[in-house]
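Subject: Handing over a structure, with notes

Dear colleague,

I am passing on the structure we spoke about, together with the notes I made while going through it. Please look at the sequence and the model first, and then read on.

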Amino acid sequence: MAKNFALYDLWGITKYQFSSTSSSPLFTFLLSCLIKMFGNNDQIPLYFNIFFSLGIVYFLSIYFAETFKDVKKTVLVVLFTLFFAVLHVQLLSGMEHIFQVFLFVVNIFCFYRRDKNRLVAFGFYFSLLLMGLVRFESMFYFVILAFVLMLIKKWKDAIGVLVLGFIPILIFCYFNYQQDGYFFPNSVEVKGTKLSLDSNIFSQLKMILVDNFIFNISFYKIGFFPIILCAVFIYRDLKTKNFIEVVHDNFFLIVFSLLMICHSMFADLKGMFRYEAYILTGFSMVLIPKITRLIFDFNNYIRREKLISLLVAMNILLFFYKGFMAHTVLSDGGKNIYEQQIQSARFLHTYYNDSKVVANDIGAITYYTDIHLLDIAGLGSTEMIPFNENKKLFDQKFKDFLTQYGSEHNYEVAIVYENWLQGFAPETWRKAAILKINNRVTVAKEEVTIYAVNPAGLEELKRNIKRFNWNKNVQVSIIE
């Protein structure tokens, strides 16, 4: 999208039509500015992330130095925070999550200092202004932050948070609605959890509370123990302080605990830990200063504070678990992308560069080609959103639509995960080949299936697949 906006002034996943595919409009816009200045280079997102990673390290260093006043201990807790949130993987992913974490670090850093320095106050409010357009999950943060400010009777601050947080989002949503009839980007429409007041409300509530939260294994891997640790500190303060004092002294413990719960219920907790990286960074920033005695006086602290020490130990176990998972991503994740998605893009660029293609996992194939796209997952095609939103399963209507739409608009090739079609591949499509990779880590499935959407092109498609110089690690099976 950044490439198309920079080179063709079109906000879309292809250069032919508007499509609100990016869930991070500001990140996409900034990349387009860099492409405009420096040319179309696929490593620009990496350089962008390196720059803001240095910013994260800078602000974390100042933040923790005020607590520990010791270089070695400050370095230790900064490194723990970076690896606890798996930010080294986020840096190399080239996605928007490093920028999101940077804004949250700046926001927390400036929060308690905002009344003392105008520049710091500007940093707090300006970071709020940008957050919503970097990731739309920031709306949870705005609402929860405002709510907790109201609890301590900071009414003006609460209103300021809501106004500054939501105004850019509302402006973008208005623009988006004028273009395609949806308020939010396609990814938010498709992946977001909705609650509608109709006959499905009880099944939706069950999905939100039970499936997404109570029985969500990822929540227990990522957010459960930090929340319990926060709860212990809050409970202890409730014994000796009044309500306002408890909220004030545990402000961000409350904010990030509620944020973790809301994120689990209404957003995603998966995918290289990228969606929750900002929450884990926040937990580190607010919990580590609470356990400074563990670092300064380890032996005595663990004898006196057995429960807290146990909870800290569980979080350290999660630290190593995420480190192991991150290692597999760094080891094989890039290979997965190259062997599956980049190879698919190279194939399409060679034989079907400006053809009409049905696909999913659309980033590489649209960046490296000029195809016309129909995205069955709905991220790049609003036509497919009604079949994908609110975790809906495909049905006969989906199959009929895909059959008719592909025929009427003269689509030639489909390159998809076959099981994503859920058994509803159009009968007119002809399977040409299966591409398989090993050691799957970052891609959704090991196998990609290539179909001839137009049966008349089946034999030519097979010949093209046979002629193409596939990577040696791609197992190509022609369907005879």
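What follows is an account of the findings, beginning with the whole chain and ending with single residues.

Please bear in mind throughout that this is a predicted model. The protein chain holds 23 helices and six strands, and its C-alpha trace extends over about 80 × 50 × 45 Å along the principal axes. The radius of gyration is 24 Å, which agrees with the value near 23 Å that a compact globule of 480 residues would have. Of the 480 residues, 52% are buried, and when contacts between residues at least 6 apart in sequence are considered, 66% of them join residues that are at least 24 apart.

Two helices that pack against each other

Helix α3, residues 44–68, packs with helix α16, residues 277–287, at an angle of about 20° and with 10 Å between the two axes. Angles under 35 degrees count as roughly parallel, and α3 is therefore roughly parallel to α16. On the α3 side the contact is made by L60, Y63 and F64, while α16 contributes S284, M285 and V286. Sorted by class, the residues in this contact of α3 with α16 are five nonpolar and one polar, with no charged residue.

Helix α23 and strand β6

Which residues of helix α23, which covers residues 458–467, are buried? They are L458, L461, K462, N464 and I465. Viewed down the axis of α23, these buried residues fall within an arc of 160°, so they line one face of the helix. On the other side of α23, K466 and R467 are exposed. The cover over the buried residues of α23 includes helix α19 (306–351) and the strands β3 (413–416), β4 (430–436), β5 (447–452) and β6 (475–478).

Strand β6 is also where V476 is found, and this residue is partly exposed, with a relative accessible area of 31%. Not counting residues up to four places away in sequence, V476 touches I434, L435, I465 and W470; I465 is among the buried residues of α23. By contrast, V476 and S32, which are 444 residues apart in sequence, lie 36 Å apart in space from C-alpha to C-alpha.

A loop residue after α19

D354 sits in the loop between α19 and β1 (356–359), and it is exposed, with a relative accessible area of 53%. Leaving aside neighbours within four places in sequence, D354 is in contact with Y16, D370, I371 and H372. For D354 and H372, the separation is 18 residues in sequence and 6.5 Å in space, C-alpha to C-alpha.

Two residues with positive phi

Most residues other than glycine have a negative phi, and two residues may be worth a look with that in mind. V86, although it is not a glycine, has a positive phi of about 55°, and its place is in the loop between α4 (71–84) and α5 (87–93). N410, likewise a residue other than glycine, has a positive phi near 60°, and it lies in the loop between α22 (396–408) and β3. Is each of these loop residues buried or exposed? V86 is buried, with a relative accessible area of 1%, whereas N410 is exposed, with a relative accessible area of 55%.

With best wishes

Definitions and conventions
Residues are numbered from 1 along each chain as its sequence is written. This is a predicted model: local features need pLDDT of at least 70, side-chain atom pairs count only at pLDDT 80 or more; totals for chains, interfaces and linings use all residues. Side-chain values use heavy atoms; hydrogens and water are left out. Buried means under 20% relative accessible area, exposed over 50%, partly exposed in between (1.4 Å probe, protein chains only). Helices (H or I, at least four residues) and strands (E, at least two) are DSSP runs, numbered from the N terminus. The arc is that of the directions from the helix axis to the C-beta atoms. Contact means heavy atoms within 4.5 Å. Axes are lines fitted to C-alpha atoms, for helices over the stretch in contact, and angles run from 0 to 180 degrees between N-to-C directions. Angles under 35 degrees count as roughly parallel, over 145 as roughly antiparallel, 65 to 115 as roughly perpendicular and the rest as oblique. Ala, Val, Leu, Ile, Met, Phe, Trp, Tyr, Cys and Pro count as nonpolar, Asp, Glu, Lys and Arg as charged, and the others, Gly among them, as polar. The radius of gyration is taken over C-alpha atoms; the globule rule is 2.2 Å times the number of residues to the power 0.38.
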